[in-house]
Amino acid sequence: MTRPLVLAGGRVIDPSKNLDQTADVLIQDGKIAAIGPSIGRPDGADVRDVRGQVVAPGLVDIHVHLREPGNEDEETVATGARAAAAGGFTAICAMPNTDPVTDNQAAVGFIVRQSVRAGLTRVYPIGAVSVGQKGEKLAEFGEMVGAGAVAVSDDGRPVVSGHLMRTALEYARTFDIAVADHCEEPTLAAGGVMHEGLVATRLGLKGIPAAAEEIMVARDVLLAELTGGRVHLCHMSTSGSVDLIRRAKERGVRVTAEVTPHHLVLTDHACENYDTHAKMNPPLREAADVAALRQALKEGVIDCIASDHAPHAYDEKEAAFDDAPFGIVGLETAFAVAHTELVQGGVLTLPELVARMSTLPARVFGLAGGTLHPGAAADVSVLDPRQQWTVDPKRFFTKCRNTPFAGRELVGRPTLTLVAGKIVHDANV
Amino acid sequence: MSAALGKDLVGLEALSPEQIRLILDTAEPFKEVSERPIKKVPALRGKTIVNLFFEASTRTRISFEFAEKRLSADTVNVAASGSSVSKGETLVDTAKNLEAMRIDMVVIRHPSSGAAQFLAARINSNVINAGDGKHEHPTQALLDLLTIRDKLGKIAGVKVCLVGDILHSRVARSNIWGLTKLGAQVAVCGPHTLMPRGIAELGVTVFRRIEEAIEWGDVLNILRLQLERMEKGFIPSLREYFRVFGVTQERLDRARHPLVIMHPGPMNRGVEIESRVADGPHSVILDQVTNGVAVRMAVLYLLAGGKPELADAAKRGAAE
């Protein structure tokens with residue numbers, strides 16, 4: 001039996017209840033026991049003074065690439081969960097593009113088991129849409145859900161076949177799960193390494209046009225409308241996608257969407273000097289896209305932020321731009337980047353940011369969490385909104401260092417992360 | 001290390017107009033070296049240079065090699081096939097190994113855009129870009145500039161149109177930077193499937209039809225059409241390309257005044273250029289090749305720390 005814990009005097013923000021007030025939070029038996037300005041403190045309680053800090057429901061990242069099984073040199077479930085805890089996340093969703101692909105109940109069960117063994121941030125597996133992510137034959141959604149999968153996706157690559165996407169959306173209805181798609185029309189994107197625009201023209205790099213994403217966004221919302229299925233659009237990057245999602249939501253289509261911190265902050269200019277840490281898919285776009293994505297996140301057209309954490313070994317990124325892999329790590333910078341740029345930048349209020357990194361992403365995949373409701377599991381993030389720090393990849397918990405934010409000065413940092421009342425990260429230790 | 005140009009020549013985008021003029025002026029006296037019975041000066045004696053070619057090249061590699069030898073450098077040629085590169089060695093490992101052999105300069109040709117800059121950032125030797133992917137081919141543009149200056153006596157105000165596959169062309173990009181920096185008017189002309197996004201924002205005019213380009217220009221720099229562009233579906237056929245975009249004598253005859261005809265080679269006769277044009281009186285295609293050696297000598301000389309005074313001396317000679 002662990003001692004009761006009181007987080008005393010913090011700014012308690014719970015978007016699930018529109019709560020934003022200075023209060024104590026009592027955690028007992030792994031659950032939220034009470035919240036209030038002057039709650040009783042049980043005998044022997046451990047009292048943490050969190051004045052000046054924010055007490056929020058644990059952050060939730062619904063789009064993470066762990067490299068286990070297959071590339072444990074780059075990340076494991078345990079190291080990913082540790083990095084997530086340091087980033088303030090109490091739950092993350094692992095994409096299935098592992099080696100072998102997480103496309104069956106045994107593979108899903110393995111992720112769950114590794115997560116339990118690590119005993120840190122909760123790791124929820126996402127199963128593959130198609131066997132081997134080959135885009136041909138539906139994977140066994142029912143068995144994967146039975147083993148713990150919370151959604152299905154072929155992320156890393158798009159569901160190319162319109163027919164397969166349609167059947168996936170229809171079949172997923174039985175289990176009430178979303179089909180998450182990486183929107184990329186492959187013949188338009190083929191060979192592309194960055195956004196198609198003036199910077200790509202100058203650098204002589206092959207571009208990926210915005211239309212490559214938007215065509216698939218349009219297809220997916222039409223198929224969701226046709227089937228009544230639930231589609232989730234991963235890592236949106238263009239203003240055109242925002243327009244399509246806005247119109248689909250107005251029609252009542254069951255569509256949700258996420259955006260990464262880097263697409264909210266960086267443009268294709270980050271690729272100057274062939275910086276491979278700015279190589280990601282979808283690519284960093286233009287300033288007008290960044291503005292549209294921020295507005296969409298504010299309005300709720302885009303539901304939430306997800307990191308698309310994608311670890312790659314240092315020497316893989318140490319290559320010519322064409323030859324480097326896509327993707328960056330993001331778990332340990334997501335909150336601070338979003339807080340610095342969006343909250344301090346005047347786009348979102350702090351409660352709005354917490355909603356988009358906790359309550360709303362939990363809702364997208366129907367996960368427990370995202371709330372401080374008494375009786376709920378004590379998945380809690382304590383965030384210091386005033387802490388200034390400089391990103392030093394050498395101090396990351398993730399195994400990889402591939403970030404475009406190295407050296408960046410940020411404001412705001414997770415200081416304490418609790419999963420079911422257990423401390424999984426404590427910045428003061 | 002040369003203060004005049006910096007450590008490397010990666011592209012013309014990063015050079016100032018003064019630096020470009022310095023290279024062209026330095027090339028003038030080196031032209032004469034190639035006309036001597038004994039074509040050698042001791043400027044780079046004792047320097048070791050590696051010509052590192054990850055992509056097939058005949059003209060550029062030979063041109064660099066002559067330039068190096070006529071400056072008395074010791075040179076080694078490394079081609080991608082037959083080297084450890086074809087055994088999967090990474091670019092960074094190749095760079096480190098070269099550095100470990102204490103060489104002075106590397107001339108690199110590579111299929112990936114940015115490869116020259118990648119190498120330059122990781123080794124202490126001078127790096128000269130001999131073409132990286134679709135990015136830049138600075139010495140080609142410099143020899144084009146020198147040829148235009150030779151032929152027309154100036155570059156500022158001259159109207160130059162680059163014709164053909166702009167999308168995949170490093171020659172086009174380097175020419176656009178070099179020409180615009182020296183005050184030329186620049187246009188591009190080709191099928192829109194081979195036109196990069198936002199090209200007009202680099203300060204060039206885009207012509208839809210070759211007839212309009214001929215009507216407008218003083219110089220046509222006709223780019224090679226890679227045959228694989230047809231296979232990849234950018235154009236329907238070479239036949240149609242020649243019909244629509246081919247630079248023919250018939251089309252040139254309608255121009256108000258004769259146009260200077262340039263081509264970086266190797267030519268596809270009967271595809272982008274008609275033989276009569278390539279071999280005609282206004283073609284400077286072989287002058288480009290001759291100037292290539294002089295320009296590369298100038299670049300090697302300046303990067304090795306050679307004194308720009310040589311260029312000044314040449315200019316004084318011209319004034320007498």
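## Where chains A and B meet

In this predicted model, chain A brings 16 residues to the contact and chain B brings 20 residues. Put together, the two chains bury about 1,600 Å² between them, and 51% of that area lies on carbon and sulfur atoms.

## Charges and polar pairs across the interface

If you like to follow charged groups, here is a good place to begin. Three salt bridges are counted between chain A and chain B. For a pair to look up in the structure, try B:Glu13 and A:Arg202: their side chains meet in a salt bridge, with 2.8 Å from N to O. This pair qualifies because a salt bridge needs the side-chain nitrogen and the carboxyl oxygen within 4 Å.

Polar contacts between chain A and chain B add up to eight residue pairs, with both residues at pLDDT 80 or more. What classes of residue make up the side of chain A that touches chain B? That side has six nonpolar residues, six charged residues and four polar residues.

## An open sheet in chain A

Now let us turn to a sheet within chain A. Five strands form this open sheet, and they pair in parallel in the order β9-β10-β13-β14-β15. Its edge strands are β9 (152-153) and β15 (304-305) of chain A, each of which pairs on one side only.

At the β9 edge, the neighbour is strand β10 of chain A, residues 179-181. Two bridges join β9(A) to β10(A), and these strands run parallel. To find your way along this pairing, look for A:Ser153, which stands opposite A:Ala180 in β10(A).

Technical notes: Residues are numbered from 1 along each chain as its sequence is written. Chains are lettered from A and ligands numbered from 1 in the order in which they are written. This is a predicted model: local features need pLDDT of at least 70, side-chain atom pairs count only at pLDDT 80 or more; totals for chains, interfaces and linings use all residues. Side-chain values use heavy atoms; hydrogens and water are left out. Contact means heavy atoms within 4.5 Å. Buried area is the accessible area (1.4 Å probe) that two parts lose on being put together, summed over both. A polar contact is a pair of N or O atoms within 3.5 Å; within protein, one must be able to donate a hydrogen and the other to accept it, and residues adjacent in sequence count only if both atoms are side-chain atoms. Ala, Val, Leu, Ile, Met, Phe, Trp, Tyr, Cys and Pro count as nonpolar, Asp, Glu, Lys and Arg as charged, and the others, Gly among them, as polar. Two strands pair if DSSP finds at least two bridges between them. Helices (H or I, at least four residues) and strands (E, at least two) are DSSP runs, numbered from the N terminus.
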